[in-house]
Amino acid sequence: MSATKRFTAATAVSAAVLSALATAPAVASAAPTVFQAPVGSHRVIGPDGRIEHSTSSNWAGYAATGQTFSSVSSSWVQPAVSCSGSTAYSSFWIGLDGDGSNSVEQTGSEGDCSGGSPQYYAWYEMYPAYPVNYSNTVKAGDHFTSTVSVSGTKYTLTLSDTTQGWTKTTTKSQSGLSNASAEIIAEAPSSSTGVLPLANFGTASFTNATANGQPIGSFSPDQINMASGSTTKATTSALSSSENFTVTWKHS
């Protein structure tokens, strides 16, 4: 779900969104309405004019910028969240836009702590619309692979849980979006009150991270760590083979 790249509050919920939330898994109705927001961060501009080494209040991972992107892909393993009685949230996703724009086209998985118990599910989101949760089973340790692509104004968001054996493909048409970034992210989701506590997910491993069919490292992407003030919340490793990395939880 979804630095300062800017945090933008979601717009009023439409009747269609309310209907979608009503059919979401129980965890969504038991918690604040959460969404994955554009990155909120301190941006460092490198000598080549690209954004690099950002610190974000809600994102950790990699974001490629500097050109138009038509696709992003990656695989990851859904981390097991450790719940100590507190309510907390974590999202793992790929998407287009969101880094320097107020839209994000994304899909991914979730690991939340609700009532001291872990809850797992999957979703897609065309921010600033609220996310739509899939009803398919998700468990800790599940292997995901995903692609988000755009052709003209048509966005195709595909998410596969290869462990559970299901695939969801969602197609949405939307005009006027910039397609100016591609990202693979672990996120502290947000609600109407701001960024929510980050669930202890240990370490999330992302592999085969590509944009426009090339390793994400080909684009000198921004390596983003998550922090709130002086508190580091999650750190992102260097890229291995230009397309593999980990994000490690540090603090809620």
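Strands here are DSSP runs of at least two residues, numbered from the N terminus. On that count, the loop between β11 (166–173) and β12 is where N179 lies. The model is a predicted one, and N179 is a handy way into it. Its phi is near 50°, a positive value in a residue other than glycine. Most residues other than glycine have a negative phi. N179 is also buried, with a relative accessible area of 10%, a value that falls under the 20% cut-off.

Just past that loop comes β12 itself, residues 181–187. Since 7 of its 7 residues are buried, the strand is largely enclosed by the rest of the structure. Both faces are covered: S181, E183, I185 and E187 sit buried on one side, and A182, I184 and A186 are buried on the other. As for its pairing, β12 runs antiparallel to β3 (residues 59–65), with 7 bridges joining the two. One of the matched pairs there is T65 with S181. β12 also pairs with β5, again in the antiparallel sense, over 6 bridges. In that case W93 has I185 as its bridge partner.

Stepping back to the whole chain, it has 2 helices and 19 strands. Of its 252 residues, 49% count as buried. The exposed surface comes to about 9800 Å², and carbon and sulfur atoms supply 48% of that area.

The structure holds 1 disulfide. It is formed by C83 and C113, with their sulfur atoms 2.1 Å apart. The link is left-handed, at -85° about the S-S bond. It ties together distant parts of the chain: C83 is in the loop between β4 (71–77) and β5 (91–96), while C113 belongs to strand β6 (residues 104–114), 30 residues apart. The two ends are not equally covered, for C83 is partly exposed at a relative accessible area of 22%, whereas C113 is buried at 2%.

Two more spots of backbone deserve a look. A cis peptide bond joins Y127 and P128, with omega at about 20°. Most peptide bonds are trans. P128 is found in the loop between β7 (117–127) and β8 (132–134). The other spot is S241, in the loop between β18 (231–236) and β19 (245–249). Phi of S241 is near 55°, another positive value in a residue other than glycine. At 58% relative accessibility S241 counts as exposed, whereas N179 is buried.

Definitions and conventions:
Residues numbered from 1 in each chain as written. Predicted model: local features only at pLDDT ≥ 70, side-chain atom pairs only at ≥ 80, totals over all residues. Heavy atoms only, no water. Helix = DSSP H or I, 4+ residues; strand = E, 2+ residues; numbered from the N terminus. Buried < 20%, exposed > 50% of the residue type's maximum accessible area, 1.4 Å probe, protein only. Areas by Shrake-Rupley, 256 points an atom, 1.4 Å probe, with all protein chains shown as cover. Disulfide = S-S within 2.5 Å. Pairing = 2+ DSSP bridges.
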